[in-house]
Amino acid sequence: MREPGKNLIRRARIERVGGGGDAAAPATPAAPAAGASGGAGAQVPAATGEVVCPGSTVTLSGEGGAPAASSGTFPVGTKLKVTNLDNGQSTTVAVNGPSGSCVLLNNAAFEKVREPGKNLIRRARIERVGGGGDAAAPATPAAPAAGASGGAGAQVPAATGEVVCPGSTVTLSGEGGAPAASSGTFPVGTKLKVTNLDNGQSTTVTVNGPSGSCVLLNNAAFDTVREPGKNLIRRARIERVG
């Protein structure tokens, strides 16, 4: 029943024609077990730390420097071990600042666990292995006001929707296709408008799946708001518009 060249049916009707009982909560990415094995023959040792943020995806910030991470869940100084369950590769990094994800790896850290050509780890195990005390909301960037002006002379119109996820950073998933987003905060079908306050560029996208961030843009969406050479928007305004 596919259309030529398409791997997704966006307008479908699904009918239950027998059995199965009551409807249950929609399936979400399974939380990787402490000793979960990787795919394609990858061998993954059992966890040695506290497994945190089950089901979260992991992506990269595009920032340089020695391997490190930022987090919207754990304070600066927390040590996190990130394992890519699809290739068995791991890296242990210290949180050095805030972001909108459980853990966002910089370039050097992500290179240690990435699969070739991929900017997103969908099956990750995240362990807290030291420092940082209890999980808490670390200091986050000030929430951009509804009519916040951009930097370097960029003019940013006032918000027209409900400003959500104040202080969140925005990055990209590395996935192709028409502009779209994934989210760990809003359900599929939600329309979000993302504005880069540093250049005044905006994009409005529909959530089409889960992720570990308030909003994670695919490549096409991110390209409409990115600054050259940057894979992270630190000063973003996110609005729910539908």
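**Disulfides, sheet and salt bridges in a predicted model**

Two disulfides are found in a search of the whole structure. The model is a predicted one. With the bonded cysteines numbered in sequence order, the pairing reads 1-2, 3-4.

One disulfide joins C53 and C102, with 2.0 Å between the sulfur atoms. The S-S torsion of C53 and C102 is about 80°, so this disulfide is right-handed. The pair links distant parts of the chain, 49 residues apart. C53 sits in the loop between β1 (50–52) and β2 (58–60). C102 sits in the loop between β5 (90–98) and β6 (104–105). C53 has a relative accessibility of 18% and counts as buried, because the cut-off is under 20%. C102 is also buried, at 5% relative accessible area.

The other disulfide joins C165 and C214. Their sulfur atoms are 2.0 Å apart. The torsion about this S-S bond is about 80°, so the disulfide of C165 and C214 is right-handed. C165 lies in the loop between β9 and β10 (170–172), and C214 in the loop between β13 and β14 (216–217). The bond therefore ties together parts that are 49 residues apart in sequence. C165 and C214 are both buried.

The fold was then examined as a whole. The secondary structure of the protein comprises two helices and 16 strands. The protein has 242 residues, of which 40% count as buried. Its exposed area is about 12200 Å². Carbon and sulfur atoms supply 52% of that area. Contacts were considered between residues at least 6 apart in sequence. Of these, 76% join residues at least 24 apart.

Strands β9 and β13, which precede the loops holding C165 and C214, also belong to a sheet. This sheet is open and has four strands, in the order β9-β16-β12-β13. The pairing is antiparallel. Its edge strands are β9 (162–164) and β13 (202–206), each of which pairs on one side only. Neighbouring strands of the sheet are turned by 30° against each other on average, direction ignored. Strands of a sheet pair through backbone hydrogen bonds, in a parallel or an antiparallel manner. Within this sheet, β12 (residues 191–196) and β16 (residues 236–240) run antiparallel. Five bridges join β12 to β16. K193 has E239 of β16 as its bridge partner.

Strand β5, which precedes the loop that holds C102, contains V93. V93 is buried, with 3% relative accessibility. Beyond its neighbours within four places in sequence, V93 is in contact with P67, A68, A69, T78, K79, L80, L105 and A109. One of these contacts, T78, is 15 residues from V93 in sequence. The C-alpha atoms of V93 and T78 are 8.3 Å apart.

Charged pairs were examined next. Side chains of opposite charge can pair when their charged atoms come close. Twelve salt bridges are found in a search of the whole structure. Among them is the pair of E127 and R125, whose closest N and O atoms are 3.2 Å apart. Both partners are buried: E127 has a relative accessible area of 0%, and R125 has 1%.

R226 and D223 form another salt bridge through their side chains, at 2.8 Å from N to O. R226 is partly exposed, with a relative accessible area of 25%. D223 is partly exposed as well, at 46% relative accessibility. A further salt bridge joins E227 and K230. Here the closest N and O atoms are 3.7 Å apart. K230 is partly exposed, with 42% relative accessible area.

How values were computed:
Residues numbered from 1 in each chain as written. Predicted model: local features only at pLDDT ≥ 70, side-chain atom pairs only at ≥ 80, totals over all residues. Heavy atoms only, no water. Pairing = 2+ DSSP bridges. Axes fitted to C-alpha atoms, helices over the stretch in contact; angles between N-to-C directions. Disulfide = S-S within 2.5 Å. Buried < 20%, exposed > 50% of the residue type's maximum accessible area, 1.4 Å probe, protein only. Contact = heavy atoms within 4.5 Å. Areas by Shrake-Rupley, 256 points an atom, 1.4 Å probe, with all protein chains shown as cover. Salt bridge = Lys/Arg side-chain N within 4 Å of Asp/Glu carboxyl O.
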